[in-house]
Structures are given as structure tokens and as C-alpha cells.
Amino acid sequence: MFPSLHNEKLILQRLTRGEESAFRQMYDHYAERVYSAALLHLKQVELAEDVVQSVSLKLWESRDQLGKVEAFAGWLYVLTRNTVISILRRQGTQAAYLDFLKRRTDLFKTSFEQDLSRKEQVMLVRKGIERLT
């Protein structure tokens, strides 16, 4: 879990009222922690940065509900964890789809030698049919 910010309750009250400076304080305190937690699980800098952006956006969008949050650091950690899980699920789905496409296209791939061999066989069959007629 993330350590709390000094005077966090007051800053959250200001954030609930929509004060951007309060949002900036929360971001400055927690962004690196969100990034580190995301990077630990995702192992990709770009995805970890996406998590920070997504969590920050969700924080701003739900600012009016923060008065109900008892332990903000825990709330933010759960939000970060859920965002990471969502990305991992999406990656798993994408990986499975790409694997499916690869297997499907492999069915239609033939080597140059196989094509040449088939063409030669077709030509031999045609010549044989011509001799018979």
C-alpha cells in the first residue's frame, strides 16, 4: 500500500471542491508510487506510464466522491491494481487473438518449393491427359 501524504484529509477536501492545486499535490505525491507498482507487474515503461495517466484521470473524474473515502492511499492502491489487472487481461486477450491469427494464416502458407512442385505435378497430369486423347 502507498504511504499517506501529510495533511491528506485537507488536500482531499480541496480536491473534492475541484481545486487543481490539490490535484497537483496528490499527483506529485502518488504518481511515482503508482508508476512503480505498475512497472513491477507490467514490466513495460509505456504501460506503466499509461497506468499513471489512467489512474490520474480516474482520480480527477471521481473527485466529488473522495469525501466518502476513509483511506485514500488504500483506495488509490486498489485503483492502481485494478487498472493493472485490466491491462494484463487485455494483453492476454490480444496475445490469444494474435496467436489465433498466426495459426490461421499458417494454414494458408506454402513454401515456394511446394508451389513449384504442385505446378510441376499439374503440368505432368495435363501432358498425360493430352497423350491419352
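Helix H2 bends by about 45° at Tyr-30, the bend being the angle between axes fitted to the seven residues ending at a residue and the seven starting there. Helices (H or I, at least four residues) and strands (E, at least two) are DSSP runs, numbered from the N terminus. The model is predicted: local features need pLDDT of at least 70, side-chain atom pairs count only at pLDDT 80 or more, and totals for chains, interfaces and linings use all residues. Residues are numbered from 1 along each chain as its sequence is written, and side-chain values use heavy atoms, with hydrogens and water left out.

The protein has five helices and zero strands, in the order α-α-α-α-α from the N terminus. Of its 133 residues, 27% are buried; buried means under 20% relative accessible area, exposed over 50%, and partly exposed in between (1.4 Å probe, protein chains only). The protein exposes about 9,900 Å², of which carbon and sulfur atoms supply 56%. Accessible areas come from the Shrake-Rupley method with a 1.4 Å probe, and for residues only the protein chains shown count as cover. Contact means heavy atoms within 4.5 Å. Among contacts between residues at least 6 apart in sequence, 64% join residues at least 24 apart.

The buried residues of H2 include Phe-23, Met-26, His-29, Tyr-30 and Tyr-35. After H2 comes Lys-43, in the loop between H2 (20-42) and H3. Lys-43 has a positive phi of about 65° although it is not a glycine. Most residues other than glycine have a negative phi.

Two residues with stated accessibility are set out below.

| Residue | Place | Relative accessibility | Class |
|---|---|---|---|
| Lys-43 | loop between H2 and H3 | 62% | exposed |
| Ser-56 | helix H3 (residues 45-61) | 14% | buried |

Ser-56 counts as buried because its relative accessibility is 14%. Leaving aside neighbours within four places in sequence, Ser-56 is in contact with Phe-23 and Tyr-27. Phe-23 and Tyr-27 also belong, with Trp-60, to one aromatic cluster. The structure holds four aromatic pairs. Rings of Phe, Tyr and Trp (its six-membered ring) pair if their centres lie within 6.5 Å; planes under 30 degrees apart count as stacked, over 60 as edge-to-face and the rest as tilted.

Trp-60 also has a charged partner: the charged end of Arg-63 sits over its ring, 4.0 Å from the centre. The criterion is NZ of Lys or CZ of Arg within 6 Å of the ring centre and within 35 degrees of the ring normal.
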